[in-house]
Amino acid sequence: MASQLFIAIVCIINLGIVCCIDSNASNLAVTEFEPLDAGKVSCEIVIKKPKILSKGIPTEITVTVTEEDLDNDVIPVIRRQNSSVRMVVSPGYKRQFTADILSTKLGWGKYDVCVASCGCKTFEIFTIPAPLTLLPPLLTVVLAIITRQVLISLTFGVYTAAFIASAYNPLEAFFMTFNDYLIAPFLDPGKASVLIFVSLMAGLVEITEKCGGAAGLANLIFKLAKTAHHASIVTVFLQLMFFFDDFAGIMISSKSIGPLVSQLGLSVQKFSFIVHIMAVAVASICPLSSWAGIQIGYIESAFKLSDKDVSGFSYLMQTIPYRFFVMSAMLCIFIYVFLNRDIPPAIQFEEAANKSRRQRTVSTASISENYNMETNDDEPILPLRWYNAVLPLLILITITVTRMYFDGKAVIVEKELDISLTFVNCVSNSNSINDLNVGTAVSLLFVLIVIPLQKLISVSKCLEHFVEGAKSSSEPVMILILAWALGIAMSEIHTSDYIALALGDNMPAKYMPAIVCVIGYVMSYSSGSSLGTQGIVFPLVIPVIINLTSDETIYIRTIAAVLGSSVFGNLCSPIADTTIGSVLFTGCPLIDHIKVATTFALPIALLTLIFGDLLVGMDIYPFYVTYIIVAAVFTVVIMLLGREPGKRSIFSRLMNSWNTGKPKILSINDDSISSETTLLLPKSLTKSVD
């Protein structure tokens, strides 16, 4: 109800803007260029202009003159009609000139482009208030918080940007949303390659899961587990094997070994928490996961908004050490399971699991039985073979890395770049998405041949599972397309230019990682979508940081802050798809899962914000000091407050000793001391009382 009311109010505001902001807007339309003056040299003036201007923000216009006989020293003059202001024009390539138009008046304005001995052309363009450019991203964020629907929020954000770009024409904005902005990503070869990779990877993961390969890998690893402590350690390392997709890791682990961990005394709450944290963290940082293609697309498209072509894969790799929240969460999980100590509320769940534990030997055959329990009577029970999961991944990695090396090497040689042919340089200059597509395609071809030869699943069944997997990627693909469209739309209304101009020199670039980190925490928790948050934040932040500084290190830290902080919502938000998946597949109550995950993740988020993004961004110390601080603080807290089931924590024993020992020594001869009280005293005092 609240979301519907909010949307209605926004629509009314939009209509009000149409009617009130510029009363003459409805009577004006963009006019065609006026014909050249008679008697002038026959030539053509081609003008490339923006859709709109933002008041007070310089916006580039390109003028191309096609006339070979024109004097070389002729430079076009651009002026606004009824104004003495002329624009500065600089020569470019092959009679191409650029100028920055600075409009100081709202509404429609006519501009003349004049070339000596050639004539003039007139174009008309609309000027909006610069702060209005913040409306699309703000509405997107607010709607994401209210509706909890990223797709709806992004779509409305794109429409709002189109509404502004169309000079407040709601009907034209609707056409622009679907005919211009949502189509644009498909016309970009780089973005199309990302969409292909996401679909191929999802289909490959689905086939390896359905043929029993992933469950076989879980089967192999779970043989090492004998106790609840062992089960938690095995669960952590098992998630490292499913680096290629977070949801696949959650689903496969929960389905294959989930029902068995309770037999070892591991609570479903702790199991669900470990699976969730590790699956999301590993997939989010792995450059060969289903996340990687989307993140590379976000980074490259965000830089293109500022006319910069970069290697998204190179940035993805360089940001890994600076993704403080994700890396610290993984580090603390390892400390947590190896110390084998729990704090509330996890300890209560562990004690309950120990009490209800059934004493019996866990057979690894139970994994096969559980994995196939949903199989129809007419379908054979599949043998779980671990190599059917490992071999496709090895092929994918080998082919991709090899192609990236030779692809990048060819680029360096062809462009005669002044850099050495090292492995890192070659990979950084490769077309990573195309190479990932080739590696995934070869791995998929291998699966389609090998699996039917083993008589596990027929080719037709493999293709059916591939289609199912591709369908499962439809939501992230739609989010990706809408995020790209929003970025393109915001670039046309100059949102990032206004933010950079507003910040000016008042906002040191070194604080941007910390600011972005806070934004990522709030947005990802509110929307429940890490990739959705990245899609909204990247096109807004990257152009701003480019305008603030040219320091490559700050670029890396800011990108890392977006990639790292946006994962917070995926781990803690009750509406995140991975949260829902963890709860459904493990059978853990949602409230219990949120309590355990938030108790773990929230302190880490605060620590990494202060000691990571803020202090490292200020160059107080190197990045690795952050992990030393976080690990030390976490270890001390777990050692003091944590405990094993049935035992007391060190902190509890110290407090009890301090509270009960000291007062009783002072009143040792008091007749009111009971026999129960003397049991709490030191042995020497107890003997004296007796």
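The following exercises, with worked solutions, concern a predicted model of a protein chain.

**Exercise 1. The chain as a whole**

Determine how many helices and strands the protein chain has, and what percentage of its residues count as buried.

*Solution.* Step one is to list the secondary structure: the protein chain has 31 helices and nine strands. Step two is to consider burial: 51% of the 690 residues count as buried. Step three turns to contacts between residues with a separation of 6 or more: 74% of these contacts in the protein chain join residues 24 or more positions apart.

**Exercise 2. Two helices that cross**

Describe how helix α13 and helix α28 are arranged, and state which residues meet.

*Solution.* Begin with the position of each helix: α13 covers residues 324-339, and α28 covers residues 623-641. Next, consider the geometry. The two axes come within 10 Å and cross at roughly 35°, and the crossing of α13 past α28 is right-handed. Then identify the residues in contact. On the side of α13 they are Phe324, Met327, Ser328, Leu331, Cys332, Ile335, Tyr336 and Leu339. On the side of α28, the residues met include Phe623, Tyr627, Val630, Phe634 and Ile638. Finally, sort the residues of this contact by class: 14 are nonpolar, three are polar and none is charged.

**Exercise 3. Two residues with positive phi**

For Asn340 and Lys455, state where each residue lies and decide whether each is buried or exposed.

*Solution.* Take Asn340 first. Asn340 is in the loop between α13 and α14 (346-355). The phi of Asn340 is near 60°, a positive value in a residue that is not glycine. The relative accessibility of Asn340 is 18%, which is under 20%, and therefore Asn340 counts as buried.

Now take Lys455. This residue is placed in the loop between α18 (432-453) and α19 (459-472). Lys455 is not a glycine either, yet its phi is positive, at about 60°. Because its relative accessibility is 75%, which is over 50%, Lys455 counts as exposed.

**Exercise 4. Surroundings of His593**

Establish in which helix His593 lies, whether it is buried or exposed, and which residues it touches.

*Solution.* First, locate the residue: His593 belongs to helix α27, residues 590-617. Second, apply the cut-off: the relative accessible area of His593 is 0%, which is under 20%, so His593 is buried. Third, list the partners, leaving aside residues up to four places away in sequence. His593 touches Ser272, Phe273, His276, Thr579, Ser582, Val583 and Cys588.

**Exercise 5. A pair separated along the chain**

Find the helix that holds Ala215, its burial, and the separation of its C-alpha atom from that of Ser254.

*Solution.* Ala215 is located in helix α7, residues 213-222. With a relative accessibility of 1%, which is under 20%, Ala215 counts as buried. Along the chain, Ala215 and Ser254 are 39 residues apart, and their C-alpha atoms are separated by 9.9 Å.

**Exercise 6. The largest pocket**

State the volume of the largest pocket and describe the residues that line it.

*Solution.* Start with the volume, which is about 1,200 Å³ for the largest pocket. The lining consists of 38 residues, and the closest to the centre are Leu305, Asp307, Ser491, His494 and Asp497. Continue with the elements that contribute: β3 (59-66), α11 (290-304), α20 (474-492), α21 (495-503) and α23 (530-548) each supply at least two lining residues. The largest share, seven residues, comes from α20. To finish, classify the lining: 18 residues are nonpolar, ten are polar and ten are charged.

Notes: Residues are numbered from 1 along each chain as its sequence is written. This is a predicted model: local features need pLDDT of at least 70, side-chain atom pairs count only at pLDDT 80 or more; totals for chains, interfaces and linings use all residues. Side-chain values use heavy atoms; hydrogens and water are left out. Axes are lines fitted to C-alpha atoms, for helices over the stretch in contact, and angles run from 0 to 180 degrees between N-to-C directions. Helices (H or I, at least four residues) and strands (E, at least two) are DSSP runs, numbered from the N terminus. A crossing is left-handed if the near helix is turned anticlockwise from the far one by less than a right angle, and right-handed if clockwise. Contact means heavy atoms within 4.5 Å. Ala, Val, Leu, Ile, Met, Phe, Trp, Tyr, Cys and Pro count as nonpolar, Asp, Glu, Lys and Arg as charged, and the others, Gly among them, as polar. Buried means under 20% relative accessible area, exposed over 50%, partly exposed in between (1.4 Å probe, protein chains only). On a 1 Å grid over the protein atoms alone, a cavity is a set of points where a 1.4 Å probe fits but cannot get out, and a pocket is an open set with protein on both sides within 12 Å along at least five of seven lines; lining residues have an atom within 4 Å of a point. Grid points are joined across faces, edges and corners, and a volume is the space filled by probe spheres set on the points.
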